[in-house]
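Thanks for sharing this one. Here are my notes, set out as numbered points so you can follow along in the viewer.

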Amino acid sequence: MTGRRPDLAEPRRRREADDYASRVLDVVDAIPEGNVMSYGDVAELLGEGGPRQVGRVMALWGGGVAWWRVVHADGSLLAGHEQAALARYAAENTPLRQPAAGGPPRIDMRRARLGS
DNA sequence: GGTGTGACGCAGG
DNA sequence: CCCTGCGCCACAC
């Protein structure tokens with residue numbers, strides 16, 4: 001049919017985006033204390049989108065969930081929120097890897113990564 | 001409709 | 001350990 005009704009088609013796509021975001025946040029919310037997942041892990045478990053999509057969702061709406069349980073694949077912490085994240089890790093006893101000297105601490109992915 | 005950008009990830013050097 | 005390039009995809013301009 002030629003009547004596309006853009007006034008209805010547009011909002012539908014918007015709803016799908018929110019739905020995807022809601023799924024991402026749901027997965028993050030399901031990560032147990034003391035464990036973490038990488039952006040790629042979340043995307044893979046979700047079976048949809050990619051690490052960057054997950055990252056964007058977290059950037060926009062991650063404030064309402066345990067955002068510190070989503071880290072980079074190499075275990076490095078979220079830039080700009082290292083202190084807040086570190087406090088959380090200490091509180092829930094998340095396994096960290098201490099650097100030899102002065103360097104930035106990272107998650108011990110082998111032990112903290114969920115699923116392996 | 002091309003271009004740049006990003007709370008990513010991986011391979012190379 | 002550092003930096004660079006490329007793939008990836010949604011979004012802003």
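1. A reminder to begin with: this is a predicted model, and the values below are computed from it. DNA strand B is surrounded by Ser38, Tyr39, Gly40, Pro51, Arg52, Gly55, Met58, Ala59, Trp67, His72, Ala73 and Leu78. By class, these residues near DNA strand B comprise seven nonpolar, four polar and one charged.

2. Which parts of DNA strand B come within 4 Å of the protein? Sugar or phosphate supplies 45% of those atoms, and bases supply the rest. Three backbone contacts are worth a look on screen. Tyr39 has a backbone N or O atom 3.3 Å from a phosphate oxygen of DNA strand B, while a polar backbone atom of Ala73 is 3.0 Å from a phosphate oxygen of that strand. For Met58, a backbone N or O atom lies 3.3 Å from a base nitrogen of DNA strand B.

3. Turning to the elements behind this surface, those that contribute two or more residues near DNA strand B are helix H2 (39-46) and helix H3 (51-61). H3 gives the most, with five residues.

4. Now for DNA strand C, which has Arg13, Arg52, Gln53 and Arg56 around it. Of the atoms of DNA strand C that come within 4 Å of the protein, 75% belong to sugar and phosphate. The class make-up of this surface is no nonpolar, one polar and three charged residues. H3 again supplies the largest share here, three residues.

5. Two side chains make polar contacts with DNA strand C that you can check directly. Gln53 places a polar side-chain atom 3.2 Å from a sugar or linking oxygen of DNA strand C. For Arg56, a side-chain N or O atom is 3.0 Å from a sugar or linking oxygen of DNA strand C.

6. I would spend a moment on H3 itself. Which residues of H3 are buried? They are Val54, Val57 and Met58. These buried residues lie on the same side of H3, because they cover an arc of only 100° around the axis. On the other side of H3, Arg52, Ala59 and Leu60 are exposed. Among the residues named here, Arg52 also belongs to the surroundings of DNA strand B and to those of DNA strand C.

7. Arg69 deserves its own point. Where does Arg69 sit? Its place is in the loop between H3 and strand S2 (70-71). Arg69 counts as buried because its relative accessible area is 10%, and the cut-off for buried is under 20%. The side chains of Arg69 and Glu92 are joined by a polar contact of 3.1 Å. Leaving aside residues up to four places away in sequence, Arg69 touches Ile31, Pro32, Glu33, Asn35, Val36, Met37 and Glu92.

8. Finally, the chain as a whole. How many helices and strands does chain A have? There are five helices and four strands, and along the sequence they follow the pattern α-β-α-α-β-α-β-β-α. Chain A has 116 residues, of which 34% count as buried. Its exposed area is about 7800 Å², with carbon and sulfur atoms supplying 50% of that. Among contacts between residues at least 6 apart in sequence, 59% join residues at least 24 apart.

Technical notes. Residues numbered from 1 in each chain as written. Chains lettered and ligands numbered in written order. Predicted model: local features only at pLDDT ≥ 70, side-chain atom pairs only at ≥ 80, totals over all residues. Heavy atoms only, no water. Near = heavy atom within 4 Å. Polar contact = N/O pair within 3.5 Å; in protein donor to acceptor, adjacent residues only side chain to side chain. Nonpolar A, V, L, I, M, F, W, Y, C, P; charged D, E, K, R; others polar. Buried < 20%, exposed > 50% of the residue type's maximum accessible area, 1.4 Å probe, protein only. Contact = heavy atoms within 4.5 Å. Areas by Shrake-Rupley, 256 points an atom, 1.4 Å probe, with all protein chains shown as cover. Arc of directions from axis to C-beta.
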